[in-house]
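Trainee: I would like a close look at one part of this protein. Could you take me through its aromatic rings, and set the scene first?

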Amino acid sequence: MSLPDKLEVDQALFGYSEGHRQLASSVSLPSKDVYELSMRSDLSPGASLSETKSYISGFSLPDSRSYALIKTWPAPEMPRPGCVWSHVLLLSRSFLTKQVNLGVLENLLRRPEGRADIASYNLKLKVKRMAKSPTSSRKLVSIIISSYYRNEPVLLNDTPDEAFERAMFDVWSQQWPRLRSEFSFRTVQSSESARDKGLTIQVVSGAREATGGKGQKLAWVEAAVEDATSQSITSLRRFLWRYGKDVAAPRRSFPDLVEIHEAMSQEPNGVGLGLAEQVLTRFPKSSDALTLKQDLLGASPPALAIIPRVRPSDMFKLLAKWHVVQEGIVEADQLSRVVANFDKDDLIAMSEAFCEIEQPESRELEIATEALVDTLEVDVVETAKLCEPIMFKVLKRRPELLETFDVKLLTQPDAIDLIRVASSPKAISNLLRRILSSPPSVEASAAASQHATLAFGQAIDLSIRGELAEDWAEMFKRLVDEILPHGLATLAGSADRAAHGLSLLGFPIDCSPSAATWSDGLGDTVNDDRSWARSTVDAYLLVMCLRDGVAQTVPILTKILPRLRHMAVHDMLSPDARAMLDRRLPSIGDSWDFNKRILKVLRKANRDTTDVNPIVSQLSLTEEELSYVFGNKDEKDHPFPLTRLFWPW
């Protein structure tokens with residue numbers, strides 16, 4: 001709603017008529033106010049007033065709470081000595097709130113031109129709300145400001161003149177509505193003046209020297225003078241009007257507010273912790289300077305706040321010391337919204353600062369942290385290096401992020417804790433990777449056992465990269481029954497995966513699925529794969545075939561024996577493959593001869609009526625070798641040396 005161009009002002013006239021009394025008024029005042037005006041519009045006790053002098057005074061009325069601005073002139077034409085005329089302007093709180101410059105009121109104060117003029121004081125007056133008064137003396141403004149706000153008398157050489165009154169109007173105009181209504185003054189020396197009730201004037205010899213010798217110039221005084229004498233509305237004026245309205249002691253708080261404004265003007269990108277703590281120190285009660293405190297936190301609408309809020313990097317540090325919710329400065333949901341309104345970079349700065357707090361335990365920090373966790377976006381969590389406590393809270397609250405989160409940033413205990421809230425196999429697998437990369441503990445083993453198949457898959461990956469911590473293999477050997485056969489698919493994909501997985505399981509025999517299941521589960525491989533991993537897998541499949549019987553595993557043996565024979569002859573077997581074959585193939589005494597042992601297997605299978613022709617057809621045996629496999633002679637009667645069997649190269 002727009003404000004009017006002109007504001008109304010009530011007035012009254014007091015003078016002599018069989019005593020000093022009210023002669024006219026544009027408004028009916030309570031009797032208590034009329035009595036107060038009658039007393040204070042009369043010549044002030046102890047005041048010396050020549051016929052050419054006048055003085056002004058101002059104070060709040062006790063009943064209506066209107067402000068009385070009075071100008072008093074001598075009335076020598078009256079029959080009684082010491083009579084005066086006093087013109088009173090009655091200013092409502094609304095007027096003091098809306099009128100920008102109070103110096104323009106000086107032009108409304110006039111001495112009556114005689115009794116015929118008295119009736120004109122029954123009419124209301126109009127004042128232009130944005131009207132300006134002439135600039136006053138900076139020196140006089142400085143004297144008034146430094147004296148009044150430090151509760152010291154204004155020392156002058158002579159009775160104040162119009163220049164002093166203009167300076168006083170500028171000081172009064174600078175004040176916010178509440179301080180304006182509390183500002184009391186009388187521009188004449190009087191025995192009634194009290195130092196603790198308003199502006200006190202003392203006329204003394206050598207006053208200029210006394211005033212100038214009060215001490216060095218104070219920075220807050222200079223800043224206040226600059227504002228009071230400005231012809232435009234400054235940032236300090238806006239600051240005082242917004243943040244002075246709810247200070248507990250307006251007059252005493254004025255220097256503090258000016259100093260805080262000047263300090264904040266040096267911090268346009270956010271108020272630092274030190275300055276924020278100054279506000280708390282100077283206004284310790286929760287309701288004192290409440291608006292300033294709320295704006296510091298960012299709790300007010302941005303359109304209203306005229307100061308930057310506390311820097312994000314200092315927000316949590318401030319909340320650790322300042323119980324803003326407990327003290328009623330902001331509501332819990334307000335504080336949550338404050339944090340939620342910070343942008344991504346600010347949120348990161350806040351989370352980093354959280355880790356610098358020695359004891360991060362308070363209701364306010366809890367609220368702010370929860371809001372921070374809820375606000376952080378996926379890209380921030382995944383790319384920013386959040387401090388560990390915040391990162392952990394984010395992941396615990398939003399477990400979907402665990403699917404892609406870099407688990408290397410977590411400790412093993414944190415990963416164990418988070419796995420309890422993980423909501424998908426992908427997230428659980430990601431956390432298991434972190435758990436398995438550190439040595440097993442009781443808690444870690446329990447977590448891995450609970451998700452045995454997923455843990456087995458991650459263990460294979462880590463083993464291939466050389467990142468699996470020691471001692472985990474013992475646990476997987478104990479979990480064979482839980483992992484197989486449904487976990488067999490985890491081994492598929494490459495001979496390397498299969499070899500590492502089989503090693504983790506300890507190459508199980510008795511409790512292992514059938515050779516056919518293994519062969520189907522691992523899938524086919526290229527025939528020219530001659531790696532150590534392939535030799536390990538083929539050796540294990542051969543052992544499984546021997547366990548299940550050649551008769552049931554002819555197709556598998558047909559695939560693996562030619563490749564395995566090649567690697568055995570060329571000394572390409574892995575240590576694991578050689579060890580398995582040594583334990584499971586038929587013995588031929590102290591020597592180790594793969595060819596002779598396989599020939600024994602085929603010979604026995606043939607004698608057991610197993611058709612081994614599909615296998616033999618892939619081995620290019622000589623006549624002597626075929627005779628050994630299919631013949632009826634005893635081994636000791638066979639004419640060729642066994643050491644040459646399967647040696648066609």
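Mentor: Of the 649 residues in the protein, 52% are buried. Keep in mind that this is a predicted model. The chain forms 31 helices and nine strands. Its C-alpha atoms fill a box of roughly 165 × 45 × 35 Å along the principal axes. The radius of gyration is 49 Å, while a compact globule of 649 residues would have one near 26 Å. Take the contacts between residues at least 6 apart in sequence: 68% of them join residues at least 24 apart.

Now the rings. The structure holds 15 aromatic pairs. Start with Tyr 148 and Phe 183, which pair edge-to-face. Their centres are 4.9 Å apart, and their planes meet at 85°. An angle over 60 degrees counts as edge-to-face, so this pair qualifies at 85°. The two rings come from distant parts of the chain, 35 residues apart. Tyr 148 belongs to helix 3 (residues 138-148). Phe 183 sits in the loop between helix 5 (177-182) and strand 8 (185-186).

Are these two residues buried or exposed? Buried means under 20% relative accessible area. Tyr 148 has 2%, so Tyr 148 is buried. Phe 183 has 0%, so Phe 183 is buried too.

Next, look at Trp 220 and Phe 254. They also form an edge-to-face pair, with 6.3 Å between centres and 70° between planes. Trp 220 lies in helix 7 (residues 219-228) and Phe 254 in helix 9 (residues 250-264), so their pair ties together parts 34 residues apart in sequence. Both Trp 220 and Phe 254 are buried.

How do the two pairs relate? Tyr 148, Phe 183, Trp 220 and Phe 254 are among the members of one aromatic cluster. That cluster also includes Tyr 67, Tyr 149, Phe 169, Trp 172, Trp 176 and Phe 185.

Go back to Tyr 148 once more. The charged end of Arg 251 sits over the Tyr 148 ring, 3.9 Å from its centre. A similar arrangement involves Arg 309, which lies over the face of Phe 342 at 3.8 Å from the ring centre.

Finish with a helix for contrast. In helix 13 (residues 332-340), the buried residues are Leu 335, Val 338 and Val 339. Down the helix axis they fall within an arc of 95°, so they line one face of helix 13. They pack against helix 11 (290-297), helix 12 (312-321), helix 14 (344-354) and helix 15 (363-375).

Conventions. Residues numbered from 1 in each chain as written. Predicted model: local features only at pLDDT ≥ 70, side-chain atom pairs only at ≥ 80, totals over all residues. Heavy atoms only, no water. Buried < 20%, exposed > 50% of the residue type's maximum accessible area, 1.4 Å probe, protein only. Helix = DSSP H or I, 4+ residues; strand = E, 2+ residues; numbered from the N terminus. Arc of directions from axis to C-beta. Contact = heavy atoms within 4.5 Å. Phe/Tyr/Trp six-rings, centres within 6.5 Å; stacked < 30°, edge-to-face > 60°. Lys NZ or Arg CZ within 6 Å of the ring centre and 35° of its normal. Rg over C-alpha atoms; globule rule 2.2 N^0.38 Å.
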